[in-house]
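Biologist: I am new to this structure and would like to go through it slowly. Could you take my questions one at a time and show the reasoning behind each answer?

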Amino acid sequence: MQAYDVVIVGAGHAGAQAASLLRQRGFTGSVAMVGEEPELPYDRPPLSKEYLSEEKPFERLLLRPEEFWRTHNIEVLRSTRIVAVDTETHQLQTEGGERLGYGSLIWATGGAPRRLACAGHDLAGIHYVRTRADVDAMRTELASVDTVVVIGGGYIGLEAAAVLSTRGKQVTVLEAQDRVLARVAGEPLSRFYESAHRARGVDIQLNSQVEQILGDAGRVSGVKLADGRVLPAQMVVVGIGILPAVAPLAEAGVDIQTGGVMVDEFCRSSVADVFAIGDCAAHHNGFCANTGPIRLESVQNANDQARTVADFLTGNPQPYNALPWFWSDQYDLKLQTVGLSAGHDQMVLRGDPTSGSFSVVYLKDGCVQALDSVNLVRDFVQGKALVKNRVVVDPVALADASVPLKSLAVLA
Ligand code: FAD
């Protein structure tokens with residue numbers, strides 16, 4: 001049986017960053033990174049952006065060239081899925097029945113897209129957007145598709161809708177709630193994105209529950225809604241969230257919260273020598289106004305938790321307290337967010353959304369808690385300090401877009 005000092009399960013953003021940082025911090029032990037995808041670690045956000053639009057070839061998505069892993073003595077086991085973990089003997093089992101030993105285990109498996117469960121869910125032409133293979137499958141069919149229904153008005157659904165409508169498809173977005181981005185953004189931002197999409201020809205249908213996917217000769221032909229309406233569709237794209245890939249650890253008795261592996265401030269799970277990072281890790285975040293564990297699905301969190309675990313394993317423990325940030329690209333609109341808006345009790349709009357460039361600032365007890373900026377890099381950059389330091393601001397000055405945010409940080 002092959003054994004390594006550190007085994008990283010999941011060769012995505014978090015896993016790749018943890019492996020690189022271990023070496024950067026001088027770790028000389030053996031390191032293996034095991035991933036179920038056939039690719040070397042790659043940048044996932046472009047899948048719903050420049051890779052779907054075919055502006056960027058896959059080679060430009062690789063996080064590191066192949067020789068990086070070789071020269072840093074990091075063994076990358078591709079197309080290898082871990083199906084069981086024995087935390088007593090420190091052994092992993094692959095789907096092919098092989099065993100791997102570990103000293104420390106870093107679980108960095110991200111998540112799998114939540115699947116449709118309604119009738120017709122298994123028809124050809126229904127696509128998810130998580131892996132290169134998912135997007136390649138979609139791209140192959142696009143030439144023969146005119147009408148697309150996107151299920152889910154979250155970031156991934158809206159980004160896919162933007163690319164597909166720019167590529168000339170007739171796109172309808174179905175959102176179950178009464179506004180898009182309802183889980184992550186304030187109402188002004190939701191309404192802005194709804195009108196931005198509508199202005200570019202995308203049909204946004206709110207309060208819409210999918211009842212059934214209709215098919216013809218085994219391929220999707222339409223979507224039936226709970227209110228009886230039928231929308232024609234030659235392709236369906238589903239973006240309704242992910243389920244963290246934690247089954248082997250759950251079966252091994254590791255504590256699972258909010259669907260993810262519960263970790264402490266050093267990314268340690270409830271079991272010795274088992275760490276979890278990235279989308280699959282549940283943690284208490286100091287920037288979240290709501291108490292209770294959360295999972296963050298962002299490149300920032302994947303990279304920063306990877307740093308936490310690499311620091312810990314190289315004898316320099318630093319508790320995780322990174323400032324959350326995120327971005328989304330739709331058409332020529334760049335959204336940048338900092339902080340976590342959940343639990344805010346006041347919202348301040350800076351600037352006029354109809355100008356296409358504005359910010360929404362979220363406050364809790366008078367302190368700046370989070371900020372969303374559209375095409376306003378200056379606010380995003382200056383707003384970071386306000387969120388980081390939980391600055392108390394005057395909402396009237398905050399609402400005046402001519403007052404730079406950095407001056408509010410100084411005044412406070
Ligand atoms: P992943 O990158 O998903 O990597 C996990 C890897 O583990 C996968 O390759 C998976 O196949 C593998 N794996 C799972 N189970 C096993 C197993 N049992 N054995 C072996 N391997 C396994 N974030 C942003 O900040 N900004 C954006 O604009 C943005 N856009 C996005 C667009 C899309 C289409 C998607 C899908 C995500 C986007 N994200 C964005 C989120 C971001 O990509 C994720 O937060 C990030 O990839 C998380 O990294 P991770 O390493 O935790 O998981």
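Modeller: In this predicted model, residues 325-409 are 26% helix and 39% strand, and the end C-alpha atoms of that stretch are 19 Å apart.

Biologist: What makes residues 325-409 a stretch to look at on its own, and which name does the record give?

Modeller: The bounds come from UniProt, where an unreviewed entry lists residues 325-409 as "domain: Reductase C-terminal", and such an annotation may be inferred rather than shown by experiment.

Biologist: How do you know that glutamate 37 makes a polar contact with the ligand?

Modeller: A polar contact needs a pair of N or O atoms within 3.5 Å; a polar side-chain atom of glutamate 37 lies 2.6 Å from an oxygen atom of the ligand, so the pair meets that cut-off. In lysine 49, an N or O atom of the side chain is likewise 2.6 Å from an oxygen atom of the ligand, whereas isoleucine 82 uses a polar backbone atom, 2.9 Å from a nitrogen atom of the ligand.

Biologist: Is the ligand mostly buried or exposed?

Modeller: Taken alone, the ligand exposes 990 Å², and the protein buries 96% of that, so mostly buried is the fitting description.

Biologist: Why are eight residues of the shell around the ligand called charged?

Modeller: Asp, Glu, Lys and Arg count as charged, and the shell around the ligand divides into 14 nonpolar, 10 polar and eight charged residues. Of the 32 residues around the ligand, those that come nearest are Ala14, Glu37, Lys49, Arg130 and Asp279.

Conventions:
Residues numbered from 1 in each chain as written. Predicted model: local features only at pLDDT ≥ 70, side-chain atom pairs only at ≥ 80, totals over all residues. Heavy atoms only, no water. Near = heavy atom within 4 Å. Polar contact = N/O pair within 3.5 Å; in protein donor to acceptor, adjacent residues only side chain to side chain. Areas by Shrake-Rupley, 256 points an atom, 1.4 Å probe, with all protein chains shown as cover. Helix = DSSP H or I, 4+ residues; strand = E, 2+ residues; numbered from the N terminus.
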